[in-house]
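Let's take a walk through this one together. Have a look at the chain and its ligands first, and then we'll go piece by piece.

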Amino acid sequence: MLKRKMIKNFSWPLKTATREIEITRLYPEVMMELPDAERGIHELDATICIGCGTCARVCPNSCIEMVHFKFGSPLKNKKMQFPQIDYGRCMFCGLCVDDCPVECLKMGKKVTMAGWEREDIVKRPDFLATKRFTANEVADLEAEAKRIAAEKAAAKKAAAGKEGASKKPAKEGAAAPKKKEAAPAAAKPKEGGAA
Ligand code: SF4
Ligand code: SF4
């Protein structure tokens, strides 16, 4: 009886091994495949985020705070602010993702998170960002933004100068009607002549 049980115990793992039945996984090295609709830790594309703060405003649990980070485009995100998420309060509802106007925030498939301190589960934009600009790229974009701003300022100045120049003839023309007003005064002697 004991012998039969022992054989059974050894034969079971052999059977499962040959049939490739998955009994357990080498977690965390081997993760289970998650469905497309899985709502895990957010993923941020910092190259297109405009720093509008809509995600922070719509979050029902107020877990998003906009913080400064220098890895986006100063042409799109002038204040260089990106979402920081407190996962101690996040309920993974996805409202922030639905309302993002440029679709740079999405729910990822990373689901594991652990830490010793409360702050360890407050994730900064550099943790969330799956796409970002390098420091050199940011410097180039900043130079481009400055050039565009200088061009705009020059164009504005030129337009203001043209406006000032076009206003001058209008003032000169304003003196002309005075002559016309003098005409009724010249007609007065006629009235006197009829009397
Ligand atoms: S992630 Fe989207 S909603 Fe949030 S600040 Fe960036 S662009 Fe705005
Ligand atoms: S998933 Fe929901 S609770 Fe979490 S940050 Fe976005 S809006 Fe807030």
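**A small sheet and two ligand shells**

Start with a single pair of residues: H68 sits opposite Q81, which belongs to β3. Keep in mind that this is a predicted model. Zooming out from that pair, β2 and β3 (residues 81-86) run antiparallel to each other and are joined by 5 bridges.

Now add the remaining strand. The open sheet is made of 3 strands, ordered β2-β3-β5, with antiparallel pairing. Since β2 (64-68) and β5 (122-123) each have a single partner strand, they stand at the edges, so each has one side without a neighbour in the sheet.

How does the sheet fit into the rest of the chain? Overall there are 6 helices and 6 strands, and going along the sequence they come as α-β-α-β-β-α-β-β-α-β-α-α. Among contacts with a separation of 6 or more, 75% link residues 24 or more positions apart. As for burial, 12% of the 195 residues count as buried.

On to the ligands. Ligand 1 has 13 residues around it, and the closest are C49, C52, T54, C55 and C100. Sort that shell by class and you get 10 nonpolar, 3 polar and no charged residues.

Which residues surround ligand 2? Cysteines C59, C63, C90, C93 and C96 are among them, along with N61, I64, I85, M91, F92, G94 and L95. This shell divides into 10 nonpolar and 2 polar residues, with no charged ones. There's a link back to the sheet here too: I64 lies in the β2 range of 64-68, and I85 falls within residues 81-86 of β3.

Technical notes. Residues are numbered from 1 along each chain as its sequence is written. Chains are lettered from A and ligands numbered from 1 in the order in which they are written. This is a predicted model: local features need pLDDT of at least 70, side-chain atom pairs count only at pLDDT 80 or more; totals for chains, interfaces and linings use all residues. Two strands pair if DSSP finds at least two bridges between them. Helices (H or I, at least four residues) and strands (E, at least two) are DSSP runs, numbered from the N terminus. A residue is near a molecule or strand if its C-beta atom, placed from the backbone, lies within 6 Å of it. Ala, Val, Leu, Ile, Met, Phe, Trp, Tyr, Cys and Pro count as nonpolar, Asp, Glu, Lys and Arg as charged, and the others, Gly among them, as polar. A residue is buried if 20 or more other C-beta atoms lie within 10 Å of its own, exposed if 12 or fewer, and partly exposed in between; C-beta atoms are placed from the backbone. Two residues are in contact if their C-beta atoms, placed from the backbone, lie within 7 Å.
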